[in-house]
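Here is a short set of exercises, each with a worked solution. Have a look at the picture first, then try each task before you read on.

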Amino acid sequence: MKKSIFKMLAKINKAVLPSYSKDEDFDLAKASKLQMALIGYKMWVTKNALD
């Protein structure tokens, strides 16, 4: 049950939220707090979807 919810969230994230890995000029050290929060949220969802 929990895993299926996170898999659905991961698909929604992929469609809606921006992907910073495709941007060649993106520097993680210079990321804003909002960008860092989005990256952390996406990592958390992905981790739980894979467990």
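Helices (H or I, at least four residues) and strands (E, at least two) are DSSP runs, numbered from the N terminus. Keep in mind that this is a predicted model: local features need pLDDT of at least 70, side-chain atom pairs count only at pLDDT 80 or more, and totals for chains, interfaces and linings use all residues. Residues are numbered from 1 along each chain as its sequence is written, and side-chain values use heavy atoms, with hydrogens and water left out.

**Exercise 1. The overall layout**

Work out how many helices and strands the protein has, and how much of the protein is buried.

Solution.
- Step 1: the protein comes with two helices and zero strands. Helix H1 covers residues 2-16, and helix H2 covers residues 33-50.
- Step 2: along the principal axes, the C-alpha atoms fill a box of roughly 35 × 15 × 15 Å.
- Step 3: for burial, use relative accessible area: under 20% is buried, over 50% is exposed, and in between is partly exposed (1.4 Å probe, protein chains only). Of the 51 residues, 14% are buried.
- Step 4: now the contacts, meaning heavy atoms within 4.5 Å. Take those between residues at least 6 apart in sequence: 63% of them join residues at least 24 apart.

**Exercise 2. The start of the chain and a surface patch**

Find where Met1 sits, then name the residues that form a nonpolar patch on the surface.

Solution.
- Step 1: Met1 belongs to the segment before H1. With a relative accessible area of 79%, Met1 is exposed.
- Step 2: go from Met1 to Leu38, 37 residues along the chain, and the C-alpha atoms are 24 Å apart.
- Step 3: patches take residues with over 30% relative accessible area and no salt bridge, joining like charges within 9 Å and nonpolar side chains (Val, Leu, Ile, Met, Phe, Trp, Tyr) within 5 Å. A salt bridge here is a side-chain nitrogen of Lys or Arg within 4 Å of a carboxyl oxygen of Asp or Glu.
- Step 4: the patch is formed by Met1, Ile5, Met8, Ile12 and Val16, with about 560 Å² of accessible area together. Such areas come from the Shrake-Rupley method with a 1.4 Å probe, and for residues only the protein chains shown count as cover.
- Step 5: look at Val16, which lies in helix H1. Val16 is exposed, at 64% relative accessibility. Between Val16 and Phe6, ten residues apart in sequence, the C-alpha to C-alpha distance is 15 Å.
- Step 6: for the whole protein, about 4,400 Å² is exposed, and carbon and sulfur atoms supply 64% of it.

**Exercise 3. The aromatic rings**

Count the aromatic pairs and say why the pair of Tyr20 and Phe26 gets its label.

Solution.
- Step 1: rings of Phe, Tyr and Trp (its six-membered ring) pair if their centres lie within 6.5 Å; planes under 30 degrees apart are stacked, over 60 edge-to-face, and the rest tilted.
- Step 2: by that rule, there are three aromatic pairs. Tyr20 and Phe26 have ring centres 4.8 Å apart and planes at 20 degrees, so they are stacked. Phe26 is partly exposed, at 22% relative accessibility.
- Step 3: Tyr41 and Trp44 make a tilted pair, 6.4 Å centre to centre with 40 degrees between the planes. Both lie in helix H2, three residues apart, about one turn of the helix.
- Step 4: Tyr41 has a relative accessible area of 30%, so it is partly exposed. Trp44 is partly exposed too, at 47%.
- Step 5: ring pairs also link Phe6 with Tyr41 and Trp44 into a cluster.

**Exercise 4. Two asparagines**

Decide whether Asn13 is buried or exposed, and list what Asn48 touches.

Solution.
- Step 1: Asn13 is in helix H1, and its 7% relative accessibility makes it buried.
- Step 2: setting aside neighbours within four places in sequence, Asn13 is in contact with Tyr41, Lys42 and Val45.
- Step 3: Asn48 is in helix H2 and is buried, at 12% relative accessibility.
- Step 4: not counting residues up to four places away in sequence, Asn48 touches Lys2, Lys3 and Phe6.
- Step 5: a polar atom of the Asn48 side chain lies 3.0 Å from the backbone oxygen of Trp44.

Definitions and conventions. Polar contact = N/O pair within 3.5 Å; in protein donor to acceptor, adjacent residues only side chain to side chain.
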